[in-house]
Amino acid sequence: MRRSVARRLDDLRFDLVAAGGGLIVAALLFPLRFFASQVYIKTIPLVLGVACLLYLLASYNDRQADALPALPAPIARSLPSVVISGLAAMVLVATVHGERSPLFLDLASVLGTLVFGQILFTDETDFNRTLLLTEVVLLAFVVRFAGLFTTPGLIGIDSWTHVTQLAAGILSEGSLDAIADDKHFASPFYHLVLASAAIVYDLSLRNALYLSIGVVMPLSVLLVYSTANLLVTDRWAVLATMIYSVGNYVVEWGVHLIPTSLGLVFFLAVLYALVRLMWVENGLRDFVLLILLTLAIILTHQVSTFIMLILLAAAFLSQVVIQITPFETSPLDPNIFRMRKPVNLVGIVVFDVGFTIFTWSLTPYKQRSFLGTVLSWLRETFASSAGLLNLAGGSSAGGGGGESAGPTAIELLVQYVDVSGFLLLLCAALVGCLYVVHRKRANQSVLMLLFATAVMLVFVLGLPMFGIRNFIPQRWFAFLYAPMALLAVIGIRYLATNLQPRLFLACLLVFSLAFPGAMLLSSQGTIDSPVFDEQHEQLSYSESELTAADTIGEMTGSPRPDEIRPDQVLYTDHPYQTLIKRTHAHPADTATVVDGEPVTHDLVVYRERQSTEATYFRDENERGVIRDVPQSRLCRPEQGTVYANGDVTMCTSPQ
């Protein structure tokens, strides 16, 4: 009896069971769309079902041949010149328009599709790995630096704190004592790099940031290539690099340069070091390199540290699973992976967890330690707001809120544009996940990618559906894209050799045409100049808006919050209030604007964007809502104008 059960277990196809189970789960999740309108709830069951169906169709197809058609040699050889010329045109457009305009982003999308076409449809004799990687990196540079150098000041919200306060304080005082009361005191690596670059380059902190971390960000995509090349051949490794480089959140952290950006670079390096340990070498120097990289993340950014610990835990879990389950790898099996004994990572996991707890226990935050504050917030969340489909406050990221009653057609369009790139990547990654759970294909490295992706998806999509957003899910996507891109190319490669050719070609064309445009046009990748500026706030400012903030600080003497009365707080829109507050111009907050009721704030700032583009105000329930506010609504007739420069007006009530 036991032998019979063991024989049946040996004959069991884990991948087919998982694919069948995935179809059942997709069917069970489908009715959730009738209880919540959140975009991920509507789309992920469909994506899961399509991925499982494609895998099953490929698994029961006996064909084992390369399905990729080849472009004619003259076209394949001319496309690199077309791409380089297109990049020059993108630079010209950004210079003329002074921003990453819709035309710039359209050009970037077309060039992204052309690069995908070269990677996928170039014959082996014309395939040039170095040339294609050069195109990928150049496209990444132009997309990011066009935003950086056409935007006055800095892009984003947190960048103003990190650059103008923390790094500037370290630079002026020459010591970490300048940030002794900040949570980054125990993770100052980003600020030290920035201050050091300003000294070495003899430049302003802004330009030093761009020429240090700004340059590293597009170059870091090569770490994805190095990792993928340990698992797949050159063509698929280049494809993984291209997929990752145009990811919307990856682009975001390439223009919104904060500790998350540097933490992402170190995360990619840790991922490469882990896979290299599992495939190439696992000597003492390799373990030392991995430990140094993990320490660099811990000393750079807390959220990046937590994500890195999840990756290490996934690597350890894959080690255990390989050792105690009936996975077997045959050296005769014709697949992309090689047989290797699992690497023991217990020591590294224990060391990093211990060092993280020690560091967070010493990190000051909200008059307590960082660890104590975070645990307190978690307890409070679980006790007060956690609950199934508790979507109040918005989606986890990029998907729009599910709580909106009756969104307009344009709002629906924006929601689906924002998430369609991620959903395409998720579909391909799910196929890759099914491929690697086959007993003869599973190994420590690919199971690590699978477990890391699964756990990270729980944090970015699962927990927010229960009202748990303490882990800042928006910060996770760029990290998540790395293992997803690796699994995606594994899945695409499998479909290329097994799926019916016409069906596979149709899938590939949809992916190549839609993916780069969806990613590059989404709100996350265009925070400096949103394509849909009536739906998404712009997290960059004009020269007049920056000048106004500086002048307000000079006029009011830049008082601290405890030096003014409550009625002297300045009120304006979000995100402009964050600029005024974080540059220490004046204590500021988001104005309350309720339909049918007068605005009652004594000190207000109006800017022209409040009437023409998406800016946020508080409603009667203290929630952030987009409002088109005319100047007379905020700067009321009974108030006096104390400053105006054409775009920005500051008004105050008579005393």
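**Disulfide and cysteine environment**

Cys651 is buried in the predicted model, with a relative accessible area of 2%. The residue lies in strand β9, which spans residues 648-652. Its sulfur atom is 2.1 Å from that of Cys635, and the two cysteines form a disulfide. A disulfide is a covalent bond between the sulfur atoms of two cysteines. The structure holds 1 such bond.

The torsion about the S-S bond of Cys635 and Cys651 is about 105°, and the disulfide is therefore right-handed. The pair joins distant parts of the chain, with the two positions 16 residues apart in numbering terms. Cys635 is located in the loop between α26 (631-634) and β8 (640-644), whereas Cys651 belongs to β9. Cys635 is likewise buried, at a relative accessible area of 8%.

Two further cysteines, Cys427 and Cys433, were examined for possible partners. For Cys427, the closest cysteine sulfur is that of Cys507, at 7.6 Å. A disulfide requires sulfur atoms within 2.5 Å, so the separation of Cys427 and Cys507 is too far for a bond. Cys427 has a relative accessibility of 15% and therefore counts as buried.

The sulfur of Cys433 has its closest cysteine sulfur in Cys52, at a distance of 10 Å, which is also too far for a bond. With a relative accessibility of 14%, Cys433 counts as buried, the cut-off being under 20%.

Technical notes. Residues are numbered from 1 along each chain as its sequence is written. This is a predicted model: local features need pLDDT of at least 70, side-chain atom pairs count only at pLDDT 80 or more; totals for chains, interfaces and linings use all residues. Side-chain values use heavy atoms; hydrogens and water are left out. Helices (H or I, at least four residues) and strands (E, at least two) are DSSP runs, numbered from the N terminus. Buried means under 20% relative accessible area, exposed over 50%, partly exposed in between (1.4 Å probe, protein chains only).
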